[in-house]
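Q: Please take a close look at one part of this structure for me. I am new to it, so go step by step.

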Amino acid sequence: MRYTPALVAALLTLAAGSAAPTLARAEEGMWTFDNFPIARANQTLGTNIDQAWLDRVRLSSVKFGGCSAGLVSASGLVMTNNHCVATCVANLSTQETNYAETGFTPRSREEELKCPGGTAEILTDISDVTQRMHAAGAGLTGQAFTRARDAEASRIEQEACGDATDKRCQVVTLYRGGQFKLYTYKRYSDVRLAWAPEDRAATFGGDLDNFSFPRFAIDAAFIRLYENGAPARTPTHFKWNASRPVEGTPVFVSGSPGATQRLLTQDQLFSVRDVVLPMDQLIASELRGRLIRYSEEGESQAFEAMDPIVSIENTYKRGLGRMRALTDANFMRMKAEAEADFRSRAEAGVGADNPWTTLTGIQPVLRESYPAYALLEGGTGIGTTPVGGGSQLFLWARTLVRGAQERGKPSAERLPEFADSRLAGVQSGLFAERPVYPGLEQVRMEWWLSKTREWLTVDNANVRALLGQESPEGLSARLIEGTTLADPAVRRALWEGGLAAIEASDDPLIQYLLRIQEPTRAVRAAWEEQVQAPTDRASERLAALRFETYGDTVYPDATGTLRLTYGQIEGTDVPGQRFGAFTTFDGLWDRATGAAPFDVAPKLLAARDRIDRSTVLNMAVSSDTIGGSSGSPVVTAAGEIVGANFDSTVLTQRNAYGYDRNVNRSVIVTTGAVTTALRDVYGMQWLVEELGVR
């Protein structure tokens with residue numbers, strides 16, 4: 001039976017009144033706003049939310065870079081996590097004025113500073129484009145299938161948004177190809193930092209406490225959305241509630257979780273467990289070591305490497321939690337039982353086009369191809385290995401070269417990231433004025449080149465194309481020392497000059513990227529032909545079977561788009577992880593040792609006698625979250641914001657692959673703690689008043 005939007009609508013209606021077993025249980029699910037199970041949530045939590053409530057929450061929720069956030073005033077004020085503004089803080093800081101050390105505490109709106117390249121978005125509309133996307137790929141295979149889908153998505157986005165600079169349109173893949181939705185966003189390209197605490201206040205406990213609870217961190221910050229040089233008017237926003245939270249209170253978490261892989265088959269999960277995660281973890285651990293070594297070379301190096309070290313440690317520890325999940329026999333047995341139930345219900349009517357068989361057959365190709373794809377193209381959507389080592393100069397050069405090559409083609413024939421509908425975002429990132437540290441850039445490039453040679457081997461044709469007769473050390477030094485791409489005026493001139501300017505450039509990094517385009521593009525094309533396209537086609541078929549079997553009890557994997565989940569404020573009783581729902585400032589003082597990472601930030605420590613020791617600092621919530629949920633507003637059924645999600649426990653990292661109510665806990669910084677910090681520590685009374693606190 002072919003899946004169509006009309007068929008799914010009928011199936012969902014039928015399932016709503018049937019006694020079919022469900023896939024999603026209790027508080028499970030990162031739900032889209034156009035398919036949120038209102039009745040089930042109300043029954044589970046004892047609440048009474050409705051569609052109007054959902055609309056207000058959606059229009060008050062903000063996507064900021066790779067993080068989430070929430071509007072908290074009518075003048076564009078937005079709360080997110082401090083670690084979500086860390087790059088902005090680093091870009092605005094110097095060694096002499098290091099806001100990570102001192103905190104950023106403007107005395108008025110006029111002193112708020114623009115985050116270089118920062119953008120924020122609010123989801124304003126969702127429409128179904130499944131029929132168009134399925135029709136575009138009908139009858140095609142391999143790269144022709146992938147490119148036809150990409151071209152149709154580009155056309156849909158361009159039709160909806162045109163050349164508007166204050167909107168962004170995105171065709172979102174849901175259910176791994178079962179549905180496609182057009183998401184339309186209100187876009188803000190002027191985002192300013194309004195407050196950030198001392199970094200030590202937001203990261204108290206360091207890597208030891210990361211993905212842990214109890215926590216004692218004020219991981220919160222404020223940004224402000226601007227339009228036409230003035231604070232944006234945002235009449236729809238969350239009401240600030242700084243009251244002491246109560247255990248058992250139902251709450252909702254609205255954010256943009258990055259990516260989950262819950263709908264993968266067992267064989268696909270085995271590839272993640274055996275190939276993707278081990279490679280990513282090994283490579284990340286070495287990058288962490290190189291960055292730490294670099295930070296020990298001097299004060300300037302320590303300043304430059306601070307944010308990257310925190311980021312890579314976070315990535316590594318998250319990967320560790322996920323590896324533990326995929327090697328947990330009980331967890332994998334649960335996944336196997338769920339798949340067996342699905343297959344027993346659906347496979348009888350599958351016929352020759354069996355998606356499980358197809359996906360099993362793809363895995364040997366994926367396992368062989370993944371290292372080259374990850375190292376040369378970044379493993380987009382699968383792993384975390386950064387192409388170019390995450391060097392900003394390298395990424396700018398690749399954008400300039402590929403952008404020039406692609407923009408000469410009709411929009412529908414380009415790589416999807418350079419379609420007309422996406423160029424505004426590309427240019428915003430390319431033209432932003434950001435500090436560049438050559439020493440740090442060289443460390444990243446050298447690491448990437450050496451790891452690529454190590455994993456793919458010296459005699460690999462791609463390695464020969466990357467290195468020629470040079471060493472990773474010599475090549476990275478030559479390219480970074482010789483490039484002028486740190487100057488935004490140079491980048492703008494090359495972008496606006498098009499392919500002619502790129503080819504005429506004598507910049508060594510530009511010439512290097514030109515030289516390696518053929519082999520790296522070939523790796524991407526092979527991946528799309530042999531892995532991505534057949535996987536997408538089989539996943540589309542699997543999604544149709546899932547809808548036919550389970551109806552509206554199915555929620556899609558997270559895709560970095562806005563979702564709503566729910567739960568309640570509570571601790572946990574897992575052996576070895578037993579804790580109550582709250583931590584307080586009193587617990588912070590008790591945990592402090594005076595030595596890193598348990599040293600209290602200076603301004604916070606100086607305010608100790610002004611702070612009510614019983615104020616709740618952090619709390620645990622049973623909501624279904626994952627990476628990307630950082631900064632997500634935590635909201636009551638009354639629409640009041642009571643905190644922001646900033647972490648989850650290490651056991652919760654299995655959320656990438658499946659939900660376990662017994663161990664699933666999100667870690668929240670409370671609005672009460674933020675109010676205390678603003679008022680009693682950082683002297684931000686004007687901001688407290690804007691929040692409506694008297």
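A: What follows is a walk around one pair of packed helices and the core beside them.

A note before starting: the model is predicted. Two packed helices are described by the angle between their axes and the distance between those axes. Here the pair is α13, residues 355-377, and α16, residues 438-456. Their axes come within 10 Å. They cross at roughly 165°. An angle over 145 degrees counts as roughly antiparallel, so α13 is roughly antiparallel to α16. The crossing of α13 and α16 is left-handed.

Which residues of α13 and α16 make the contact? From α13 come P371, A372, L375 and L376. From α16 come W448, K451, T452, W455 and L456. By class, seven residues in this contact are nonpolar, one is polar and one is charged.

Now take W448 of α16. Leaving aside neighbours within four places in sequence, W448 is in contact with L375 and L376, and both of those belong to the α13 side of the helix contact. W448 also touches P386, V387, G388, G389, F394, L466 and Y512.

The view widens from there. In soluble globular proteins, nonpolar side chains tend to be buried together. The largest nonpolar core in this model has 136 residues. W448 is among those with the most contacts inside this core, along with W195, F222, Y512 and L604. Y512 is also one of the contacts of W448. Which helix gives the most to this core? It is α13, with ten residues. Another core lies apart from this one. That other core has 22 residues, among them Y99, F104, A196 and A221.

Helix α16 has a further partner, α18, which spans residues 472-482. Six residues of α18 are worth naming: P472, L475, S476, A477, L479 and I480 are buried. The buried residues of α18 pack against α16, and also against α14 (392-407), α17 (461-467) and α20 (508-515).

To sum up, α13 and α16 run roughly antiparallel. W448 sits in their contact, and W448 is among the residues with the most contacts inside the largest nonpolar core. On the α18 side, buried residues pack against α16 as well.

How values were computed
Residues are numbered from 1 along each chain as its sequence is written. This is a predicted model: local features need pLDDT of at least 70, side-chain atom pairs count only at pLDDT 80 or more; totals for chains, interfaces and linings use all residues. Side-chain values use heavy atoms; hydrogens and water are left out. Axes are lines fitted to C-alpha atoms, for helices over the stretch in contact, and angles run from 0 to 180 degrees between N-to-C directions. Helices (H or I, at least four residues) and strands (E, at least two) are DSSP runs, numbered from the N terminus. Angles under 35 degrees count as roughly parallel, over 145 as roughly antiparallel, 65 to 115 as roughly perpendicular and the rest as oblique. A crossing is left-handed if the near helix is turned anticlockwise from the far one by less than a right angle, and right-handed if clockwise. Contact means heavy atoms within 4.5 Å. Ala, Val, Leu, Ile, Met, Phe, Trp, Tyr, Cys and Pro count as nonpolar, Asp, Glu, Lys and Arg as charged, and the others, Gly among them, as polar. Buried means under 20% relative accessible area, exposed over 50%, partly exposed in between (1.4 Å probe, protein chains only). A nonpolar core is a set of buried Ala, Val, Leu, Ile, Met, Phe, Trp, Tyr and Cys residues joined through side-chain atoms within 4.5 Å.
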